[in-house]
Amino acid sequence: METGRLGYFDDLETRSQDAREAAHLDALNAQLTRVRSGNDNCLPDGGALSTLSELRSLPVLRKSDLVTWQAETPPFGGMAVSNAAHVFQSPGPIYEPGGVSHDWWRFGRFLHACGIGAEDTVQNCFGYHLTPAGMMFENGARAVGARVLPAGTGQTELQVRAAKDVGATAYAGTPDYLNVILEKADEMGVALGFTKAAVSGGALFPSLRQAYADRGISCLQCYATADLGHIAYESEAMEGMILDEGVIVEIVTPGTGDPVPEGQVGEILVTSLNPDYPLIRFATGDMSAIMPGLSPCGRTNTRIKGWMGRADQTTKIKGMFVRPEQVADLVARHPEVTRARVIASREGEMDVMSVKVESPGGDAQAYAASVAEVLKLKGAVDVVPVGSLPNDGLVIEDTRSYD
């Protein structure tokens, strides 16, 4: 069966929901056996589940649990991890395994939906150091037969020269960094050959997607995490995100494991069916909602509306998470500071971070240095009078429009 000009990655994408649920139930029960053989803290003893709905009876696994377990039993907390060819580190710190087997993170499905294949050279602008994103997309590119230019970020002029010299046709990276490369190429008078873009790690704003389309670049996005790998992706239909075939996704009331009605916004819980790293009911902290019906592209799996904010106030800015506890650390470093608020906004097609600091008159430069050290991002600091910030509980405010 074909969908549009791309076809399907495999037959799993068009199977019936009954067949999918039966396969997922078998894989889930196998995962439960693996998990129970690992860290005793993970799951209570029990038998096999008879339906997928019984998944809700199991406890929610949170990042804080992983941090605790990994501190006690490094690097993976005594969990049932196998075939780990790499160890990656994410903020927390949390350590994640990585494999090198075929499509280990399942990104091939997304790259195929983007139209990327054996004729393409992918300029992979995700990071290769400590965090797994670079390897995730490289592993997926190999799954569809594409060549990879392992570019990472920075040194934009060299990025332009490399893209030109190797004939890069596809980009992988955060949504706005491609625009940085293209604008630098315009300055240099260099014509690049990008026609496809596979993006993640930040919001793809409609205006930016249209700007790429105006340049002849088809840009699709996926939703993934360092712990779980690929979770959901856009197809050429661009109507919501289709769930990956290797995960079970629940939408629950934030802070609980209780499912919300279809269409209602809640927190995303993901159960990974990757036998090398079983994660059961893992709370992502991200918000979304189930969409009714099926995608017009013909894929039959459930769709979600995409990323709809955080269950907590954690916010991704320039591809980096900024967390409430980091803002608390910032305030604690300066006794005269009563409160602080991080504000995420946009200038053109770029993320911008600014920080308002309540203080009776401290040193803005000292605060800016602390911001860079604690938040790992630079931002303009505005020192405001004590009591002037709204008393609404917000320490991170996202003013960007996602319409």
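Reader: So which hand does the crossing of helix 8 and helix 9 have?
Author: The crossing is right-handed, meaning the near helix is turned clockwise from the far one by less than a right angle. Helices (H or I, at least four residues) and strands (E, at least two) are DSSP runs, numbered from the N terminus.

Reader: Anything to know about the model?
Author: This is a predicted model, where local features need pLDDT of at least 70, side-chain atom pairs count only at pLDDT 80 or more, and totals for chains, interfaces and linings use all residues. Residues are numbered from 1 along each chain as its sequence is written, and side-chain values use heavy atoms, with hydrogens and water left out.

Reader: OK, at what angle do helix 8 and helix 9 pack?
Author: About 145°, with the axes 10 Å apart; axes are lines fitted to C-alpha atoms, for helices over the stretch in contact, and angles run from 0 to 180 degrees between N-to-C directions.

Reader: And which residues meet there?
Author: Q326, V327, D329 and L330 of helix 8 meet Y367, S370, V371, V374 and L375 of helix 9, with contact meaning heavy atoms within 4.5 Å.

Reader: Switching to the sheet: what's the strand order?
Author: It's an open sheet of four strands, ordered 19-18-17-20, with mixed pairing. Two strands pair if DSSP finds at least two bridges between them.

Reader: Why is one side of strand 19 left without a neighbour?
Author: Strand 19 and strand 20 stand at the edges, each with a single partner strand, so each has one side without a neighbour in the sheet. Strand 18 pairs with strand 19 in the parallel sense over five bridges, and V355 stands opposite V381.

Reader: What does helix 9 touch in the sheet?
Author: Strand 17, strand 18 and strand 19.
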